[in-house]
Amino acid sequence: MDVPKTVAAALEDRPVDGAVCLEAGAGVGNTTAGLLADGAARVYAVTNDREHARTTVDRVLEEAGNDGDGTDRADRLAVLEADLRQIPLPADSVDLVTAHGLFNVVPPADLEAVAAELTRVAAPGCHLVVDDYEPLPADAAVRELFALENAAAALADGRPALTFYPAAVLRRLFAGYGWEFERRRTLLEPVPWTENHLAAHVDVVRERTGRLPDSSTSAVGESLLEHAERLAETIGSESAGEMYSVAMRLPS
């Protein structure tokens, strides 16, 4: 499987081979691909997004084949459509938890619930890998685009679409649930925000503003969308900020 370099770098010092793994927030299946390629005995890819669930399954099925031991990668995957605040797995059932690019879409109000649930399913000695983005520097142009995205999400949903938590914040969060820090490393610096990335964030603004209920908020939404479209076109692409990886472990 074509595993992104950031995923490979985050997993390279973790004991994936033979482990029961949980990918918290499956996305398009990048970390699932990395875990299966590294020999995970089982990967539970959890997402509340049906399209992401379908994409992850299709990706693995498309590239499914036999590993050296004759085990089909597709047979080692289970995609679960579920809320990370209520994971349908028993307690103490997972050897390795990954959260690659998850927490920037988890609003502050849900942080404790997600951390508690990931801890519940983790077996003693479980490893945790959290990969995410430091807050963007003040001079990064994409900060304004993300602010517009958050404004649209606040109008439509009453909560932000994006929150960039410093590595130290997530480290302290999980330390409160008994996880012990092992290492922090930089995966990308600067982070390349491409035209496709910016277009995807404009799409979020478009979707959120399209759900605004009345004429007054709709007018605000139209203004937000126009501003976001102009800004993305002006920026084009930008490299800014840092993507980090933090590894922790529960005591055995």
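**Leu136.** I began with Leu136 in this predicted model. Is Leu136 buried or exposed? Leu136 has a relative accessible area of 8%. The cut-off for buried is under 20%, so I entered Leu136 as buried. I placed Leu136 in the loop between S5 and H5. I then looked up what Leu136 touches, leaving out residues up to four places away in sequence, and noted Val142, Arg143, Phe146, Phe164, Trp193, Ala240 and Gly241. I also took the C-alpha to C-alpha separation of Leu136 and Gly29, which is 25 Å in space for 107 residues in sequence.

**H5 and H7.** Val142 and Phe146, which I had listed beside Leu136, turned up again in the contact of H5 with H7. I noted helix H5 as residues 142–157 and helix H7 as residues 195–209. Their axes are 8 Å apart and the packing angle is about 25°. I recorded H5 as roughly parallel to H7 for that reason. Their crossing is left-handed. On the H5 side I listed Val142, Leu145, Phe146, Leu148, Glu149, Ala152, Ala153, Ala156 and Asp157. On the H7 side I listed Leu198, His201, Val202, Val204, Val205, Arg208 and Thr209. Sorted by class, this contact has 11 nonpolar, 2 polar and 3 charged residues.

**Pro190.** Ala240 and Gly241, also on the list for Leu136, are among the residues that Pro190 touches. Ser239 completes that list, again not counting residues up to four places away in sequence. I found Pro190 in the loop between strand S6 (180–188) and strand S7 (192–193). Is the peptide bond from Glu189 to Pro190 cis or trans? I read this bond as cis, with omega near 0°. Most peptide bonds are trans. The relative accessible area of Pro190 is 43%, and I entered Pro190 as partly exposed. For distance I paired Pro190 with Leu250: they are 60 residues apart in sequence and 31 Å apart in space, C-alpha to C-alpha.

**H6.** Which residues of helix H6 (residues 167–175) are buried? I listed Ala167, Leu170, Leu173 and Phe174. Looking down the axis of H6, I found these buried residues within an arc of 125°, so they line one face of the helix. Residues three or four places apart in an α-helix point the same way, because there are 3.6 residues a turn. I then asked what covers the buried residues of H6. The cover includes helix H4 (111–121), strand S5 (122–133), S6 and strand S9 (243–249).

**H4 against H6.** I took H4 next, since it is part of that cover. H4 and H6 pack at about 55°, and their axes are 10 Å apart. I therefore entered the two helices as oblique to each other. The crossing of H4 with H6 is right-handed. From H4, the contact uses Leu111, Glu112, Ala115 and Leu118; from H6, it uses Leu170, Leu173 and Phe174. By class I noted 6 nonpolar residues, no polar ones and 1 charged. I also listed the buried residues of H4, namely Leu111, Val114, Ala115, Glu117, Leu118, Thr119 and Val121. These pack against strand S1 (20–24), S4, S5 and H6.

**Gly27.** From S1 I went on to Gly27, which is in the loop between S1 and H2. Gly27 is at 22% relative accessibility, and I entered it as partly exposed. With neighbours within four places in sequence set aside, Gly27 is in contact with His52 and Thr56. Gly27 and His100 are 8.6 Å apart in space, C-alpha to C-alpha, and 73 residues apart in sequence.

**H2.** How many of the 8 residues of helix H2 (residues 30–37) are buried? I counted 6, so H2 is largely enclosed by the rest of the structure. The buried ones are Thr31, Thr32, Ala33, Gly34, Leu35 and Leu36. After H2 comes Gly39, with a positive phi near 95°.

**Asp92.** Having noted the phi of Gly39, I looked up Asp92. Asp92 also has a positive phi, about 60°, and is not a glycine. Most residues other than glycine have a negative phi. I placed Asp92 in the loop between strand S3 (77–81) and strand S4 (94–100).

Notes:
Residues are numbered from 1 along each chain as its sequence is written. This is a predicted model: local features need pLDDT of at least 70, side-chain atom pairs count only at pLDDT 80 or more; totals for chains, interfaces and linings use all residues. Side-chain values use heavy atoms; hydrogens and water are left out. Helices (H or I, at least four residues) and strands (E, at least two) are DSSP runs, numbered from the N terminus. Buried means under 20% relative accessible area, exposed over 50%, partly exposed in between (1.4 Å probe, protein chains only). The arc is that of the directions from the helix axis to the C-beta atoms. Contact means heavy atoms within 4.5 Å. Axes are lines fitted to C-alpha atoms, for helices over the stretch in contact, and angles run from 0 to 180 degrees between N-to-C directions. Angles under 35 degrees count as roughly parallel, over 145 as roughly antiparallel, 65 to 115 as roughly perpendicular and the rest as oblique. A crossing is left-handed if the near helix is turned anticlockwise from the far one by less than a right angle, and right-handed if clockwise. Ala, Val, Leu, Ile, Met, Phe, Trp, Tyr, Cys and Pro count as nonpolar, Asp, Glu, Lys and Arg as charged, and the others, Gly among them, as polar.
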